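Reader: Could you take me through the labels used for this model, and how each one is earned?
Author: Gladly; here is the structure to look at while we talk.

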Amino acid sequence: MFFNSLAFAIFLPIVFFLYWFVFNKNKSTQNALLIVASYYFYSCWDWRFLFLLVFSTFLDYYTGIQIEKGKSEKSRKFWFWLSILVNLGFLGIFKYYNFFASSFSELLNTIGVKASPILLEVILPVGISFYTFHGLSYVIDIYYKRIKAEYNFVDYSLFVSYFPLLVAGPIERATHLLPQVKVKREFNFQTAKEGIYQIVWGLVKKVVIADTCAVYANAIFDHYTSVNSLSLILGAVYFAFQIYGDFSGYSDIALGVSKLFGLDLLRNFNYPYFSRDIAEFWRRWHISLSSWFRDYLYIPLGGSKGGIWMKIRNTFIIFIVSGFWHGANWTYVVWGFINAVYFLPLLLSDSNRNNIDTVQLKFNFDSVRVLMNIVLTFLLTCVAWVFFRAKTITDAVLYLKTIVTNGNFSSQYLDNERYNYELLPMIALFVLVEWNNRTKVEPISGRRSMLKLAIAIAVIIALGTYSDYKEFIYFQF
Amino acid sequence: MKKFLIYTVKIIVITALIAVILDALYTLAFMQSRNRGKVETVVNSKAKKFDVIILGSSRANNHFVAQMFEDKGLKTFNYGMSGGHLFEASLMLKLMIERKYTIKNVILEADLNLSNEHQAEGIAALFLPYIHNSETIRKHFENEEDYNELYYVPFYRYIKYDGKIGFREAFLTAVHKKTGILDNLGYRGLEKHKNGNMKNNIVNLNPLPHNKYYEEIKNICKANNINFISVMTPMCENVKGMNYFDKVKKAYPEIYNYENVVTEDKYFSSCGHMSDAGSKVFTARILKDFFGKE
């Protein structure tokens, strides 16, 4: 059941009605309903993996309590590592086992040892990377005594399985979401209205921007050997907007839906393509994951303390692990590595926190410099996205090489029976709208919100891509 | 909560209103269309006279060189539609009759397309903008699974087939941007490709014994005193021995088998589609056999 499906359009009002009119007696009934709804939502993909989700939830719930109750450090450690190993074990088996087995086998073959890997015939459970990270952060926080264990299983289950964030985040923190589910939610008209704005804007991003860009990006990436330099450059740009529209659109819908139930989720995107350097980009892109890795990997590794080599090592570790988190493919690892390389000069010059304010432009030379930095940062991310999108590293390298060697920058009729440049006006308009509203969560709220909402709905209906349906990209992670 | 429910109702009403307005705008654009495709050219036309009309799929569109008919003094247009099935060919002929076309001969490419009776969605969609303006189109779609949604839900058809009749097509139609579909009297000649796919497994393909739309076309021709010529057109060497064409001949003895008029792969762009050179050889034979023109 996708957020942009008819099934969800039926599911959401039903749950909304039951939540505010039938199960609104206290927080327990509200939570119980949301749990049932969330499990139903999840089982629409594959009910068999519901058991995995419930098991994972129970494991972290139980080990969390045992860690807190643990009288000796040895006992606390035992439950802590049990949770970590089982969680990562599931992730490893379902997501990474086949990759490691075939990579190891390839390595053996390269050095002359004949080997054929034993592969598992498993499909990746939807959202496993997200709910595993929910559980991990919870257990780690208890172990380091940052939070208290949750003793109410229903409340804890809702924290892990809450349907708006279940399959593609944002990756919530117990400190943020658990206190909210511990109290009865009261309906707030203003919050619900904001939720509607965010849902509608998320749909614009998904069905208008992402899915339309996908039609062109696919036509270019799938035939990169037969298209010219301009098409290849545009292909990378289109993919950049596809993945942004897709994932930030999903996050907007998730946050908006959650507001309808009176629960506030962590913001996941903050106009990343207006970043002035890569460090700023990573503070604005998939914020919940970046901050997760910062808090649970980078800082425990020593963070930016220690010597220069320690800083470099830690930077590469978090970017590569972050890349690998996205999928079991070397292309993601290289994507992470490239971002680490981009980040390195900022780290070494101690300027990675130079741009923490909102971009302001005026009519002066400094603004020209800022604008150029934004464009440069965007282009750098586009180069990295080529590795993210390509099937293999070789494909990505050839793709980039052809941009340079082909040298033909003319318009081109693509395999999808469209010209390569056709989407540029739409993207320009989208960028303009986002730029003018970069201080807000979405561009619909504020003055004349009803008119802007009507325009957004008209845009979704008229300009959305529906026949060439695309799943949310991050569901596969 | 009451305020929110009223607000939600407002949004629903606005959405419905937008759908109705967009539906009207898109339909208006398509009603003005003259130079983008074969369907709108027929839908938005008045009575015309033809000696020969060619109908069928891409194997009609790419195989009958309409200009060669014209050169022999036969007013001809190739209405074959790439990707189309007999569902669309039948509807096209019905629309011509509805618009009082005078047609002496209909040549129908009837071979692979006899194996199904369903619509080719991408092509059938091209008729949908006119579903409220043509009783013929409405009736033709009446028994389709999603007819109610297509007919009654405003803008649904433009959303469902956005790739074919969505914003891009409506916009280009509104600005009268021409396509090449109507060039060469509807015929689209193909080039010989070095890497053309010369494989097509039709061993398990079977013609339906009484294809509804084939029979419809036949009956329309009979009722309107149109000479009906149905032919099977050539395929590449690879399919020889797969006896699909024999099965067609057995089920439909009146269909002329031209499978072997052009046999060498050098005349094919892909297995099911002759190149321009092959089509010329084939069309010359058709002209000779049915119209006595050499």
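Reader: How many residues of chain B are in contact with chain A, and what makes a contact?
Author: There are 16 residues of chain B in contact with 15 residues of chain A; a pair counts if the C-beta atoms, placed from the backbone, lie within 7 Å. This is a predicted model, where local features need pLDDT of at least 70 and side-chain atom pairs 80 or more, while totals for chains, interfaces and linings use all residues. Residues are numbered from 1 along each chain as its sequence is written, with chains lettered from A and ligands numbered from 1 in the order written.

Reader: Which element gives the most to the side of chain B that touches chain A?
Author: That is α1(B), with 8 residues. The elements giving two or more residues are α1 (2-31), α9 (156-160) and α10 (162-165) of chain B; helices are DSSP runs of H or I, at least four residues, and strands runs of E, at least two, numbered from the N terminus.

Reader: Why is α10(A) called roughly perpendicular to α15(A)?
Author: The axes of α10 (residues 229-260) and α15 (residues 365-389) of chain A cross at roughly 80° and come within 9 Å. Axes are lines fitted to C-alpha atoms over the stretch in contact, with angles from 0 to 180 degrees between N-to-C directions. Angles of 65 to 115 degrees count as roughly perpendicular, so α10(A) is roughly perpendicular to α15(A).

Reader: Which residues of α10(A) make that contact?
Author: They are A:Ala236, A:Val237, A:Phe239, A:Ala240 and A:Ile243.

Note on methods
Contact = placed C-beta atoms within 7 Å. Parallel < 35°, antiparallel > 145°, perpendicular 65-115°, else oblique.
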